[in-house]
Amino acid sequence: MTAVPAVDAGVGAGEAGFAYVLDWRDYNASRALYALQAKGLKTRAAFQPFRAQTGDGAVDFAPGSVVLPIAGQPLQGPALRDALQAIAVESGVRMHTVGSGRSVGGIDLGSDSIKPLRTPAVALVMGEGVSATEIGASWFALDQQVRLPSSKLDPSQLGKVSLDRYTTIVLGGGTYATLGEPAVAALRRWIENGGSLVTWGGGARWAVENKLADAAVVEAEEDASDSVRKRFGDQRDIAAIERVSGNIISADIDTSHPLGFGVPRRQLAVNKETALAFKPSSNPFSTVVRIDDVPVVNGYLSERNRARIGGAAWLVVAPKGQGNVVLFADDPAHRKYWHGTERLLLNAVFFGNLLNPTKPRGG
């Protein structure tokens with residue numbers, strides 16, 4: 001490296017006669033989106049790709065691109081453009097001006113594939129039993145990367161305080177055995193009324209075991225060698241061989257799913273730090289990330305574990321009522337440097353009300 005290219009941030013050339021558009025593939029797009037929503041601006045997301053004529057020329061936009069229509073906004077004319085210019089520069093992103101709702105290719109901006117987004121209100125469950133490093137990485141991603149404030153809920157508060165104000169509740173790795181039926185019932189009601197419960201690790205297993213999510217865990221199969229007599233002194237070495245910890249695993253992601261928006265290709269490297277894996281969803285549209293049948297591994301993974309997780313789901317959405325439970329096998333924001341899957345966590349926050357498969361009409 002001899003020089004760093006200048007960031008082309010700000011509002012693009014030309015007049016936005018119809019809308020402004022932000023490409024969701026930009027790493028800082030989530031920061032810009034929340035800044036727009038915090039100003040009370042109405043935002044939408046494209047669920048299909050399109051090519052639009054902008055003030056900078058024809059531009060290809062991927063699914064997830066944020067569309068901010070001119071009509072119906074609390075700010076208009078120069079005031080709107082000035083506000084967007086300030087947000088774009090602060091976020092380091094480019095907002096394109098679009099003069100017409102008719103696209104050059106793909107869907108038009110008046111299509112029903114341009115869906116309204118809700119402003120997220122997030123609660124992070126942290127406290128006794130919750131992995132502080134895992135939930136801390138998610139808090140840092142939201143607070144520092146996105147500039148999105150979040151509430152902190154102690155596990156003991158679940159079932160005692162109203163959850164109605166939240167669109168998303170995050171349940172990370174940890175032990176939740178002390179949570180009783182009141183907490184389960186409160187979360188079930190909240191999910192059925194439209195909430196999105198985002199979980200991973202111990203939190204995901206707890207959600208499955210308490211029937212908050214219609215999903216199944218891939219359990220380890222018993223082997224004849226498990227019951228063969230072994231030396232007491234070899235316990236630690238034998239356990240280390242079967243431990244799953246700190247592996248990079250090859251997987252496939254559905255980039256057309258809202259949780260996959262912004263990911264440039266189907267091949268995805270995930271961090272595998274626990275033995276947890278899910279069976280692919282019975283709904284064919286709800287398995288978002290699937291580990292390769294014969295996964296490529298960076299690190300050590302026993303043949304037994306490699307065979308067990310091969311073809312398993314790493315990320316599944318379990319619809320429930322009007323809401324859903326998002327199940328990650330492992331921490332998607334691992335230590336705040338696993339940016340590829342951190343994006344999936346941010347997608348869960350911003351697109352949480354748009355994750356359920358479309359129900360057939362009639363009947």
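In this predicted model, the lining of the second largest cavity is made up of 8 nonpolar residues, with no polar and no charged residue among them. The residues concerned are Tyr20, Val21, Leu22, Leu36, Val66, Val67, Leu68 and Met95, and the elements that contribute two or more residues to this lining are strand E2 (19–22) and strand E6 (66–69). The volume enclosed there is about 30 Å³, and the structure as a whole holds 2 cavities of 30 Å³ or more.

The largest cavity, with about 60 Å³ of space, has a lining of another composition, divided into 3 nonpolar, 2 polar and 2 charged residues. Trp24, Asp26, Tyr27, Ser30, Arg343, Leu346 and Asn347 line this largest cavity, and helix H8 (residues 339–350) supplies the largest share of them, namely 3 residues.

Both linings include a residue of helix H1, for Leu36 is listed in the lining of the second largest cavity and Ser30 in that of the largest cavity, while Leu36 and Ser30 are each named among the buried residues of H1. How many of the residues of H1 are buried? The helix is mostly covered, with 8 of its 10 residues buried, and these are Ala29, Ser30, Arg31, Ala32, Leu33, Tyr34, Leu36 and Gln37. The elements against which they pack are E2, E6, helix H2 (77–91), strand E7 (94–98), helix H3 (132–146) and H8. After H1 comes Gly40, which has a positive phi near 80°.

Trp24, already met in the lining of the largest cavity, also leads to the aromatic contacts, of which the structure holds 7 pairs. The ring centres of Trp24 and Phe350 are 5.9 Å apart and the ring planes meet at 75°, so this pair counts as edge-to-face. Because Trp24 lies in the loop between E2 and helix H1 (29–38) while Phe350 lies in helix H8, the pair ties together parts of the chain that are 326 residues apart in sequence. Both Trp24 and Phe350 are buried. Ring pairs also extend beyond these two residues, linking Trp24, Phe47, Phe261, Phe350 and Phe351 into a cluster.

Phe47, a member of that cluster, appears in several further settings. Lys115 lies over the face of the Phe47 ring, at 5.5 Å from the ring centre. Phe47 also belongs to the lining of the largest pocket, which comprises 17 residues, and Phe47, Ser256, Pro258, Asn356 and Thr358 are those that lie nearest the pocket centre. This pocket has a volume of about 480 Å³, and its lining divides into 8 nonpolar, 6 polar and 3 charged residues. In addition, Phe47 is one of the contacts of Ser113, which, once neighbours within four places in sequence are set aside, touches Ala45, Ala46, Phe47, Gln48 and Ile107. Ser113 itself is found in the loop between strand E8 (105–106) and strand E9 (114–116), and because its relative accessibility is 16%, under the 20% limit, Ser113 counts as buried.

Two other buried residues can be set beside this one. Thr168, in strand E12 (residues 168–171), has a relative accessible area of 0% and is therefore buried. If residues up to four places away in sequence are not counted, Thr168 touches Ala121, Val122, Ala123, Trp190, Ser196, Val198, Ala348 and Val349. Ala185, placed in helix H4 (residues 181–192), is also buried, with a relative accessible area of 19%. From Ala185 to Lys272 the separation is 87 residues in sequence and 31 Å in space, taken from C-alpha to C-alpha.

The backbone offers a last point of interest. Which residue in the loop between H3 and strand E11 (150–153) deserves a look? That residue is Arg147, which has a positive phi of about 65° although it is not a glycine, and which, at 44% relative accessibility, counts as partly exposed. Lys211, in the loop between helix H5 (201–209) and helix H6 (235–242), likewise is not a glycine and has a positive phi of about 60°. With a relative accessibility of 62%, Lys211 counts as exposed.

Note on methods. Residues numbered from 1 in each chain as written. Predicted model: local features only at pLDDT ≥ 70, side-chain atom pairs only at ≥ 80, totals over all residues. Heavy atoms only, no water. Helix = DSSP H or I, 4+ residues; strand = E, 2+ residues; numbered from the N terminus. Buried < 20%, exposed > 50% of the residue type's maximum accessible area, 1.4 Å probe, protein only. Contact = heavy atoms within 4.5 Å. 1 Å grid on protein atoms, 1.4 Å probe; cavity = no way out; pocket = protein on both sides within 12 Å on 5 of 7 lines; lining within 4 Å. Points joined across faces, edges and corners; volume = space filled by probe spheres on them. Nonpolar A, V, L, I, M, F, W, Y, C, P; charged D, E, K, R; others polar. Phe/Tyr/Trp six-rings, centres within 6.5 Å; stacked < 30°, edge-to-face > 60°. Lys NZ or Arg CZ within 6 Å of the ring centre and 35° of its normal.
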